[in-house]
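Let's take a walk through this one together, from the overall fold down to a single residue.

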Amino acid sequence: MSVLRATIDGVLNFTAIDFETANNSPASACSVGLVKVRGGRVVDRASWFIRPPAGHDDFLDWNTRIHGIVQSDVTHAKSWEQQYPDLVAFAEGDVLVAHNARFDMGVIAGGCAATGIEIAEHHSMCSLQVARKTYTLDSYRLPMAAMAAGFSGFQHHDAAADAEACAAIVVHAAGFHGVPTVEALGAVTRVTINPVRARVEKPKSAAQPRLSRRPMVFSD
């Protein structure tokens, strides 16, 4: 695995994030990986299992084949409402960067809606969109985009590894475009930094779960 190196000094600050889910419910987060970047360098990492809330806690075979996490792995893990404050504290108000950010930000909104807790103020940037505006590739899935950024050999669909790969893409892209901040990177690539909005409606309760058995399509 290549070493993530800074291409920008002093001001390229953000937190990369990746979730894995138990099923196709956005409230079914079962693992999260977080990587903090300061001045273009990784300065901290965190990851943990999450116990999905009742009604969103079935583990579909398709998802388990993707990430390898099973029900027993999260039996003694803390719940979303217990761990969300730790996620917020780790990010320190940073822009949250994710590969296919719509999915990962949907997990944050879904987890908060399903557990009845207030979503914190977050903004997000999509490294998938940044990669599309930076590299010329046959595929912009995370392993291919990370390889273009000089980061390879990681375990795809391990949340911690995926978050670090995402961070590598943004650091490399900022250097490629010669910009010092994620805001400037968004401007030069025309990738919007969006607020993360709470869900208008809560997911169905445990008595009325809506879990499709159809395979999920992962864009990363």
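Before anything else, a word on naming: helices (H or I, at least four residues) and strands (E, at least two) are DSSP runs, numbered from the N terminus. With that in hand, you can place I193 in the loop between α8 and β6, the strand at 194-195. We'll come back to that loop. Keep in mind that you're looking at a predicted model.

Now zoom out. The protein chain carries eight helices and six strands. Reading from the N terminus, the order goes β-β-β-α-α-α-β-α-β-α-α-α-α-β. There are 220 residues in the protein chain, and 51% of them count as buried. If you take the contacts with a separation of 6 or more, 73% come from residues 24 or more positions apart. As for the outside, the accessible surface of the protein chain is about 10,500 Å², and carbon and sulfur atoms own 48% of that.

Next, the helix packing. Two packed helices are described by the angle between their axes and the distance between the axes. Start with helix α3 (residues 80-91) and helix α4 (residues 101-115): their axes cross at roughly 135° and come within 10 Å. That angle makes α3 oblique to α4, since oblique takes in whatever is not roughly parallel, antiparallel or perpendicular, and roughly antiparallel would need an angle over 145 degrees. The crossing of α3 past α4 is left-handed. On the α3 side the contact uses W80, E81 and Y84, while α4 brings V107, I108, G111, C112 and T115. Sorted by character, the residues of this contact are five nonpolar, two polar and one charged.

Further along the chain, helix α7 (residues 159-177) packs against helix α8 (residues 182-189) at an angle of about 65°, with the axes 10 Å apart. Here too the crossing is left-handed, with α7 passing α8. V170, A173, A174 and H177 of α7 meet V182, L185, V188 and T189 of α8. This contact has six nonpolar residues, two polar and no charged ones.

That brings us back to I193. Is it buried or partly exposed? Its relative accessibility is 23%, so I193 counts as partly exposed; buried would mean under 20%. Leaving out residues up to four places away in sequence, I193 touches V95, H123, S124, M125, V182 and E183. One of these, V182, also belongs to the α7 contact with α8. Between I193 and V182 there are 8.6 Å from C-alpha to C-alpha, and the two are eleven residues apart in sequence.

Notes
Residues numbered from 1 in each chain as written. Predicted model: local features only at pLDDT ≥ 70, side-chain atom pairs only at ≥ 80, totals over all residues. Heavy atoms only, no water. Buried < 20%, exposed > 50% of the residue type's maximum accessible area, 1.4 Å probe, protein only. Contact = heavy atoms within 4.5 Å. Areas by Shrake-Rupley, 256 points an atom, 1.4 Å probe, with all protein chains shown as cover. Axes fitted to C-alpha atoms, helices over the stretch in contact; angles between N-to-C directions. Left-handed = near helix turned anticlockwise from the far one by under 90°. Nonpolar A, V, L, I, M, F, W, Y, C, P; charged D, E, K, R; others polar. Parallel < 35°, antiparallel > 145°, perpendicular 65-115°, else oblique.
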